Amino acid sequence: MRRVTYAMLDGAYQAGVRWIDVARSYGRAEEFLAGWLARRNHGDLTVSSKWGYTYVGAWRMDAAMHEVKEHSASSFSRQWSESRALLGSAINLYQVHSLTTDSPLFTDEPLLRALSALGDDGVRVGFSTSGPRQAEVIRRAFELEVAGRPIFTAVQSTWNLLEPSAGRALAEAHAAGNLVLVKETLANGRLVVSPPPVVSRIAARHGVGPDAVAVAAVLARPWAGTVLVGPSSTAQLTANLAATRVNLADGELRALATLAEQPRDYWARRSSLHWR
């Protein structure tokens, strides 16, 4: 896994990718990234990580539970120390992992002060979102302040052709000067494994795979500052990055917009997908 990770990172860097996003709960992702950074010594990368989940799956696909979520001041302190021990000053952005409307973070004053202090140390503070109420979470989180200053200046949210409901809130965040990262651009593989016919037709027209069309649709959003992909091989990476050569016409974007599902239906389907 380490060798494959290094090959993926080398391929991404050679292709011009300069942003790497990991998390405490992504198995040994931070450890592998730290080892690669020490070997390559690239000085032009942006690294973001996330805290709030702990991986407990023990590398078993049939584990009853893979992650445990805890948004608390003690969890933040522990996981920030763990991330910092591995990645040191390479971390540019540290994010709350999967902030939802029921998170205790919104009313946890010690935690909010700790996050604000992280910003004082020069590390950008953000949050990722998940679920059918992403837009509500985005707007509510950006209202949080400590001593009259916003805590968050970045958000990482799901937006793809099947689940575009957070788009307006993300556009507002971008207009306010916040950084917007987009995740799950391929709808956890749904847009690639069984692409809707309109995606396949447009892909054939441009001579690319359906993944490139899905990513190109995200790149077409003026508020999408950083668009994330999660390939598991260099071949997938190359196919994903073909999106940078795809310029979707207005008519194609309108056709793709018809694919949107109801948010609750989309997230229910996502929850039923097998763990990977």
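## Exercises on helix α3 and strand β5

What covers the buried residues of α3 includes α2 (29-40), β2, β3 (53-55), β5 and α4. The model is predicted.

**Exercise 1.** Check the length of helix α3 (residues 73-87) against the expected span.

*Solution.*
1. Count the residues: α3 has 15.
2. Apply 1.5 Å a residue, times one less than the number of residues. The expected span is therefore 21 Å.
3. Compare with the model: the end C-alpha atoms lie 21 Å apart, which agrees.
4. Look past the end: Gly 88 follows α3, with a positive phi near 55 degrees.

**Exercise 2.** Find which residues of α3 are buried, and where they sit around the axis.

*Solution.*
1. Apply the cut-off: buried means under 20% relative accessible area.
2. List the hits: Ser 75, Phe 76, Gln 79, Trp 80, Ser 83 and Leu 87.
3. Take their arc around the axis. It is only 120 degrees, so they lie on the same side of α3.
4. Recall the helix rule: with 3.6 residues a turn, residues three or four places apart point the same way.
5. Turn to the other side: Ser 74 and Ala 85 are exposed there.

**Exercise 3.** Place strand β5 (residues 91-99) among its partners.

*Solution.*
1. Start with burial: eight of the nine β5 residues are buried.
2. Pair β5 with β2 (residues 46-51): the sense is parallel, over five bridges. Ser 48 has Leu 93 as its bridge partner in β5.
3. Pair β5 with β6 (residues 124-129): five bridges join these parallel strands. Gln 95 has Gly 126 as its bridge partner in β6.
4. Trace the chain: it passes from β5 through helix α4 (residues 109-120) to β6, a right-handed β-α-β crossover.

How values were computed:
Residues are numbered from 1 along each chain as its sequence is written. This is a predicted model: local features need pLDDT of at least 70, side-chain atom pairs count only at pLDDT 80 or more; totals for chains, interfaces and linings use all residues. Side-chain values use heavy atoms; hydrogens and water are left out. Buried means under 20% relative accessible area, exposed over 50%, partly exposed in between (1.4 Å probe, protein chains only). Helices (H or I, at least four residues) and strands (E, at least two) are DSSP runs, numbered from the N terminus. Two strands pair if DSSP finds at least two bridges between them. A crossover is right-handed if, with the strands pointing away from the viewer, the path from the first strand over the helix to the second runs clockwise. The arc is that of the directions from the helix axis to the C-beta atoms. Contact means heavy atoms within 4.5 Å.
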